[in-house]
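Biologist: Could you take me through the metal site in this model, donor by donor? I'd like to hear about its geometry and its surroundings.

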Amino acid sequence: MSSTPDCPHPSMSQMPSCQVVSNALSDYLEDVLSDGDRLKLEDHFAACPLCLVYLDQFRTIYHITGEVPSEQLPHDFNEVMGKAIRLWKAELEDQD
Amino acid sequence: MRVSHPKDLDVAQRISAGDEGAAEDLFRNLSGEMFGFVRKMLGGDPALAEDVLQEAMVGILRSMNKFDGRVRLRSWMYRILRNKIVDAQRKRGREPVFSVGDPEGDRYDAHGSWQKGVTIQPWNENAEVLDVVRRCMELLPHNQREALHLLAVQGIPAQEVATILEMNYNNLRQTLHRGRQSVRRCADQALGNLPEEGQA
Ligand SMILES: [Zn+2]
């Protein structure tokens, strides 16, 4: 029954395992867990230094991956768009 | 039929009627992020990305008269763009890689606790986390990368991201979470905190 010594063993307590905690972190950060589940996670963090650091890192990743992808438009964007519009207009006129 | 986005429908109707100015305005506002999405999904080939963006624009204009205002115009456009990206990947002979597994699955013991020997240490505050995360995102399986990048596009709510990707909402949430876990692990490796695996 040995485990990482720092973390509470799930079978010895009512706590969710580290794996269950890890899998619930997006829900935790988005605050969609029930109060009961949220408290269980927080009890686990209080007792498990590894999961606490994991949470910190996950939060960083959560925010960075959620940033808007910004990309410089290609310098010839006006040509790219202009060609698309001309193709479409030509088709429209053919239909008329 | 319920029109949830009447302003978008109005724009679409003007374009369907042949209004070039409306089409230009629409593309000028959205192309930066659309191009960013294409670049991120297709890797570092700007010429290919331009071609795909152009094809998507033509596709969007052609089918504009089918837009019915039930979803945001933005989401509807991304759906067309996304399909053009998948086509381009197929043509390039690169079948998208999908993944659903728990990226940390090999690091737990039978009870779901971290295995002995696993260490997770805080990242150095000066580390280039942002750069590392960008690089790690490029390594993600297709489905996770696509879901995370689409969710990051402003103005597309998660429910509509699920619609664009033709998956149910719970699957989308799971896919996003797995992607974030994979990026965290990849970043941890890059930031030098993982000991050699299998020492425990
Ligand atoms: Zn834990």
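Modeller: Happy to; here is the zinc site, followed by a short look at the disulfide. Please keep in mind that this is a predicted model. Four side chains coordinate the zinc ion: Cys18(A), Cys48(A) and Cys51(A) each through SG, and His44(A) through NE2. The distances run from 2.0 to 2.4 Å. Seen from the zinc ion, the four donor atoms subtend angles of 105 to 115°, and the arrangement is therefore tetrahedral. For reference, the ideal angle for four tetrahedral donors is 109.5 degrees.

Along the chain, the donors of the zinc ion are spaced as C-x25-H-x3-C-x2-C. Distant parts of the chain are linked in this way: Cys18(A) belongs to helix H1 (residues 18-23) of chain A, while His44(A) sits in helix H3 (residues 35-47) of chain A, 26 residues apart. Cys18(A) and His44(A) are both buried. With a relative accessible area of 1%, Cys18(A) falls under the 20% cut-off for buried residues. Cys51(A) also counts as buried, because its relative accessibility is 2%.

Cysteines have another role in chain B, where Cys136(B) and Cys186(B) form a disulfide with sulfur atoms 2.0 Å apart. That pair joins helix H5 (residues 129-138) of chain B, which holds Cys136(B), to helix H8 (residues 169-190) of chain B, which holds Cys186(B), across 50 residues. The torsion about the S-S bond is about -80°, so this disulfide is left-handed. Both Cys136(B) and Cys186(B) are buried, and the structure holds one disulfide over all chains.

Methods. Residues are numbered from 1 along each chain as its sequence is written. Chains are lettered from A and ligands numbered from 1 in the order in which they are written. This is a predicted model: local features need pLDDT of at least 70, side-chain atom pairs count only at pLDDT 80 or more; totals for chains, interfaces and linings use all residues. Side-chain values use heavy atoms; hydrogens and water are left out. Donors are N, O and S atoms within 2.8 Å of the metal (3.2 Å for Na, K and Ca); water is not among the atoms, so sites may look incomplete. Four donors count as tetrahedral if all angles lie between 85 and 135 degrees; four count as square planar and six as octahedral if opposite donors are over 155 degrees apart and all others between 65 and 115; anything else is irregular. Helices (H or I, at least four residues) and strands (E, at least two) are DSSP runs, numbered from the N terminus. Buried means under 20% relative accessible area, exposed over 50%, partly exposed in between (1.4 Å probe, protein chains only). A disulfide is a pair of cysteine sulfur atoms within 2.5 Å.
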